[in-house]
Structures are given as C-alpha cells and as structure tokens.
Amino acid sequence: MSLQETLSNQVKQAVLASFNVELETVEFQATRKEFAGDITIVIFPMLRVVKGNPVQIGETIGNYLVENVAEVKAFNVVKGFLNVEISDAYYINFFNTIKDDESYGFVKRNANEKAVMVEYSSPNTNKPLHLGHVRNNLLGYSVAEILKASGKKVYKTQIINDRGIHICKSMLAWERFGNGETPQSTGLKGDKLVGNYYVKFDQEYKKEIEHLVNKGQSDEEAKKNAPILLEAQQMLQKWEAGDKHVVELWEKMNGWVYKGFNETYKNLGVDFDTLYYESNTYLLGKEFVGEGLKSGVFFQEADGSVWCDLTDDGLDKKIVQRSDGTAVYMTQDIGTAIQRIKDFPDVGGMVYTVGNEQDYHFQVLFLILKKLGFEWAKNLYHLSYGMVDLPSGKMKSREGTVVDADDLIDEMASTAKEISEELGKLDGYSEDEKQSLYRTIGLGALKYYILKVDPKKRILFDPKESIDFQGNTGPFIQYTYARIQAILRKADFDLSADIELSLHQKEKELLKQLELFPEVIQNAASQHSPALIANYTYELVKEFNSFYQNVSILGAADLNEKIFRVQLSKKVASTIKMAFHVLGIQVPERM
C-alpha cells in the first residue's frame with residue numbers, strides 16, 4: 001500500500017472517530033517549500049461533512065495520525081492545510097525495496113486484460129515524411145511504450161494511405177513529366193522523388209486553371225474542369241477497376257516510397273508490429289457500407305451516393321461512398337478498424353494518433369462503428385494533437401514548403417555538433433564517438449522538445465532552443481544522466497548493502513520525487529500524455545542537481561552516507577533511463 005493510500009485510510013478513521021462522520025475521499029497535494037512537511041492534506045473539502053474551524057479539524061486529524069501511524073512523526077496546520085512530516089525510516093525502507101528493482105515504475109502485463117492497438121504515422125504514399133509526421137510518430141510510439149509500461153499488451157500499427165486521388169496525382173505527373181527517372185538514376189530517396197511529382201502536379205494544375213479562367217470559366221469551374229485533374233480521376237477509376245498498366249505503375253512508385261519511409265523510421269527510432277494498407281481495407285469498408293444499407297444505418301441518395309444521417313446525435317450527414325461507387329476516407333477507416341479486430345481478436349481498444357484537424361472525422365467514425373453494432377467501438381480513442389509550426393510559418397506539401405523529416409534529423413545532429421563544440425563538451429572523444437553522440441543529443445533534443453508539450457497544444461519548434469544544456473530540454477537531462485555515470489565509475493566500493501541513516505533534506509526530497517514515478521506512468525497511460533513523463537523527469541533531474549550541489553557524494557566522511565548517496569544517484573539515473581525509454585530517447589554513458 002502506498003503512503004497516500006495509508007494516510008487516506010487513516011484520515012478517514014480519524015474523522016470517523018473524532019467527528020462521527022464518514023469521508024468519501026481525501027485530497028492531497030505536495031507541501032509548499034516554505035513549510036515543514038512532506039505531504040499536505042487539504043481540509044477545506046472536508047467541511048462539506050465535518051462542521052467546524054478548519055485549523056481545529058486539522059489539529060485533531062494531525063494528532064490522530066501522530067498517535068496511530070508509524071510513518072507520521074510530526075505535523076503543522078496552516079489555515080486549512082495539514083502539513084504532515086514523514087519519518088526517515090519510511091523513506092529508507094521504501095528506497096531499500098526499490099534500489100535493485102530494474103523495472104521500478106513499470107507494471108507486469110495482466111494476461112486477462114484486452115490488448116490495445118496504437119496507430120501512428122499513417123502517411124500518404126505521395127510524399128516524404130515531414131515535421132508534422134515527426135510529432136505524430138514520436139507521440140504514437142511513446143504512448144504505445146507508456147501503455148506497455150503501465151501493464152498493457154500493445155500492438156503498434158499504421159494504416160498506409162496508398163490509394164486515392166492524391167496518389168494518382170503523383171503517378172500521373174511522373175508518367176507525363178518523369179522521363180522514366182528512378183531513385184537509382186537520380187540518387188534521390190524514393191519518397192522524395194515521388195513527392196517532387198506531387199508538387200509538379202499542383203504546379204501544372206494551377207497553370208491549367210489559369211488557362212481556363214482566361215478562356216472565360218469561373219475559378220470554381222476551372223478547378224473542376226482542368227484536364228490534368230480529370231485525367232487523375234480517370235486514373236483512380238482505372239486503378240479501382242484493376243487496370244494492369246495503372247496497377248503496375250502504382251506498385252512501382254509505392255515501392256520506392258516504402259523504401260524511403262523505412263529509412264526515415266529507422267533514423268527516427270520508431271517501429272511497428274503490423275502494417276495495414278488502405279488498398280486492402282477499403283473493400284471491407286465497402287462491404288460494410290452494403291451491410292449498413294440493408295440494416296438502415298446508411299441511406300442512398302438519388303445519385304447513388306451512400307450516407308449516414310447523424311443529425312439525431314448532434315452531428316450532420318456523412319458520405320460513406322461516392323455516387324460513382326468509389327470509397328472515401330470514412331469507408332477505408334471503417335474497413336480498417338473491423339479488419340484489425342478480425343486479425344487480432346485480443347484487441348479491446350484502439351488509439352488513433354491523428355492531428356486535431358480530424359477531430360470531427362473520428363467523432364463520426366466512432367459513432368458509425370457503434371451504430372454498426374461493434375461492442376469494441378466504445379474503447380476507441382482519438383489521440384488528437386496540435387500542429388507543429390516553424391518560425392518561418394505553416395507548411396504545405398503540395399507547394400513543396402514542408403520541412404522534410406530526414407533533413408530535420410540531420411539538422412538536429414548538426415546543431416548538436418555546433419553547440420557542443422562551442423561549449424567544448426566533447427574533448428577527448430574519437431570522431432566516430434562524436435558523430436554518434438551528436439545524433440543522440442540532436443534526436444534527444446527534438447523528441448523531448450516535442451513530447452514535453454501537452455499533445456493538444458500547438459508547437460512552435462525552434463531547433464536551436466531545443467538543444468540547450470540548461471533548462472527543460474533533452475540535452476540537460478542527458479547530461480545529468482552522464483554526470484551520474486561518471487560518479488558511478490569512480491565509486492570503487494561495495495554498493496549492495498541496505499543502509500540505515502538519518503536523511504539530509506536534499507536526500508529526502510529526491511526520494512519523494514522517486515516515489516512518484518509509478519503513479520506518473522499510470523497517469524500518463526490513462527491520459528495518453530508523454531508530457532507527464534517528460535516533465536516529471538525534468539523535476540527529478542532538477543532535484544538531483546540541487547542534491548548534487550548541496551551534498552557531498554563521493555567526498556562524504558561517513559562510509560554509510562557515501563554508499564547511500566551513490567545508491568541514490570544510481571537509482572535516479574536508472575529512473576531517468578526508464579522514463580526516457582518510454583519517450584524513445586537514448587541516454588549517453590559519457591558526455
């Protein structure tokens with residue numbers, strides 16, 4: 001039982017014994033630095049059932065705790081706050097139970113619990129991954145790892161949007177203007193080559209619109225009638241009909257893109273357990289559109305298009321199949337969700353990592369799946385996140401103004417090199433060691449900067465600001481980890497003994513921070529928020545640095561103090577490593 005659970009039970013006993021009323025819950029908060037105490041019980045919420053002066057109520061409960069709870073050694077009351085001091089023995093005992101636990105904070109999987117599938121990345125095969133995809137991948141991967149750490153079985157997946165009009169645009173532009181060039185002939189990554197033709201299509205499309213407007217068509221008419229767009233639409237219809245030439249072109253160009261994507265994923269440090277392709281799942285979606293028509297979940301318009309009327313649910317009417325019989329995104333998403341449960345019957349819920357511009361889409365999708373009668377639809381979660389902006393402004397793929405993910409990863413390593421050299425951090429390292437470390441620091445900076453922000457918030461990303469060896473940054477935390485490793489390398493004595501001693505206040509503060517780690521993991525899992533882990537780790541590191549500056553570790557006169565402080569430092573480093581593991585960030589042994 002945790003300290004908070006013990007205190008909660010005892011406070012309820014105290015209130016029952018002293019005031020003859022029952023408390024449902026007890027509210028705790030951290031004790032403010034200016035007051036003595038380790039944990040604070042908030043009296044004000046109790047006034048709903050306990051009548052009287054909050055200071056006197058606090059005094060009564062405080063006296064009861066000192067007399068009845070071995071862990072409580074003293075208390076003080078400030079207005080309606082009961083500040084409780086916990087004995088050193090409690091913290092020493094807690095530390096001795098966790099110091100050798102290599103998986104402290106992580107929970108073993110409950111075999112009886114349903115698995116969770118986490119979807120992220122989910123790119124289109126008409127362009128390379130960009131900064132927006134980077135946030136998506138880092139968030140999805142980290143949430144999957146956090147859910148695992150909280151005790152869940154997790155499958156990581158993505159749906160690759162490998163069909164549709166946008167894919168045909170790149171294909172048509174390459175066929176018209178590509179002169180047969182390939183990744184091999186150009187030296188370009190396949191995803192970049194295909195992305196160039198998506199931009200080329202947009203350029204030609206705009207020229208044709210301008211030409212039609214000059215000939216007297218309205219802007220809206222010209223956008224619909226541009227020959228290159230009509231040809232792309234015909235190509236999509238041919239693809240859905242299985243036209244041999246179109247399908248071969250599609251397979252060839254998508255193959256180039258997948259090779260490029262895999263290289264980016266490897267560099268970013270994310271992976272997947274299983275992949276889904278829209279080209280496979282949209283047909284199952286169409287099958288269920290037919291089922292929904294029969295059961296009355298969907299209805300058909302005079303033009304043949306199929307819709308779902310959600311107006312009674314406070315939403316609107318949503319198209320699920322076009323009048324020409326081709327699928328829309330919703331069709332594919334219905335099919336994909338159903339296919340996943342067919343493939344993985346142990347999955348009881350899914351997390352979709354998709355930007356907040358799709359909030360409405362997922363509201364509709366989840367509601368449609370419920371209406372189709374799927375029990376698991378109540379366990380679907382949209383991990384909605386804000387966009388990533390740069391100081392230079394918003395990105396647009398079709399205009400070629402995106403920040404390429406590969407370029408960003410390289411730039412981060414380059415910025416880490418520049419700043420490290422300015423600070424003289426890596427003297428005495430070989431060139432290979434330096435290059436590896438630049439990458440570790442650069443990627444750590446990028447990942448931490450993005451993950452420390454609440455997913456729902458928009459981010460303005462500044463590479464230079466993210467690589468700072470001071471403040472709430474990845475490199476600051478990595479540097480602290482490396483500093484502890486240097487201490488451990490110098491500790492030439494046995495660290496295995498359980499030590500009993502009086503605690504320095506800085507030691508106690510550090511132990512209190514360590515004690516929070518399991519709860520932070522569970523909270524981050526339930527809220528799908530890596531930011532909770534990132535900011536917890538920063539607080540732990542700040543607490544360690546304060547301890548390091550105020551308390552002698554290897555220079556302690558007493559051997560027991562020396563052993564305990566090195567043990568404590570080691571556990572802090574281990575917790576940093578575990579926390580950064582679920583964020584997908586590496587920690588260097590030397591820096």
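In the predicted model, a salt bridge (a side-chain nitrogen of Lys or Arg within 4 Å of a carboxyl oxygen of Asp or Glu) joins the side chains of Lys156 and Glu145, with an N to O distance of 2.7 Å. The two residues belong to distant parts of the chain, Lys156 to strand 6 (residues 154–160) and Glu145 to helix 4 (residues 131–149), and are eleven residues apart. Helices (H or I, at least four residues) and strands (E, at least two) are DSSP runs numbered from the N terminus. Lys156 counts as buried because its relative accessibility is 3%, and Glu145 is likewise buried, at 7%. Here, buried denotes under 20% relative accessible area, exposed over 50%, and partly exposed the range in between, with a 1.4 Å probe and protein chains only.

A further salt bridge connects Glu231 with Arg176 at 2.7 Å, N to O. Because Glu231 is part of helix 9 (residues 227–240) and Arg176 part of helix 5 (residues 165–177), this pair ties together parts that are 55 residues apart in sequence. Glu231 is partly exposed, with a relative accessible area of 33%, and Arg176 is also partly exposed, at 37%. Elsewhere, Lys33, Asp38, Asp88, Lys508, Glu509, Lys512 and Glu543 are joined into one network by salt bridges that share partners. Lys99 and Asp100 also form a salt bridge through their side chains, at 3.2 Å from N to O. In that pair, Lys99 is buried, with 11% relative accessibility, whereas Asp100 is exposed, at 59%. The search of the whole structure yields 37 salt bridges.

Residues are numbered from 1 along each chain as its sequence is written. As the model is a prediction, local features require pLDDT of at least 70 and side-chain atom pairs count only at pLDDT 80 or more, while totals for chains, interfaces and linings use all residues; side-chain values use heavy atoms, with hydrogens and water left out.

Acidic residues also occur outside these pairs. Glu421, Glu422, Glu431 and Asp432 form a negative surface patch, to which helix 14 (405–423) and helix 15 (431–451) each give two or more residues. Patches consist of residues with over 30% relative accessible area and no salt bridge, like charges being joined within 9 Å and nonpolar side chains (Val, Leu, Ile, Met, Phe, Trp, Tyr) within 5 Å. Asp432, located in helix 15, is exposed, with a relative accessible area of 63%. Glu301 is placed in the loop between strand 8 (299–300) and strand 9 (306–309) and is partly exposed, at 37% relative accessibility. Between Glu301 and Glu231 there are 26 Å in space, C-alpha to C-alpha, and 70 residues in sequence.

The chain as a whole contains 21 helices and 14 strands, and its C-alpha atoms fill a box of roughly 90 × 65 × 45 Å along the principal axes. Of the 591 residues in the chain, 53% are buried. Among contacts (heavy atoms within 4.5 Å) with a separation of 6 or more, 74% involve residues 24 or more positions apart. The exposed area is about 27,000 Å², of which carbon and sulfur atoms supply 47%; accessible areas come from the Shrake-Rupley method with a 1.4 Å probe, and for residues only the protein chains shown count as cover. The mean positions of the 69 positive and 83 negative charges are 1 Å apart. Lys and Arg count as positive and Asp and Glu as negative, without His and the chain ends, and each charge is placed at NZ of Lys, CZ of Arg, CG of Asp or CD of Glu.
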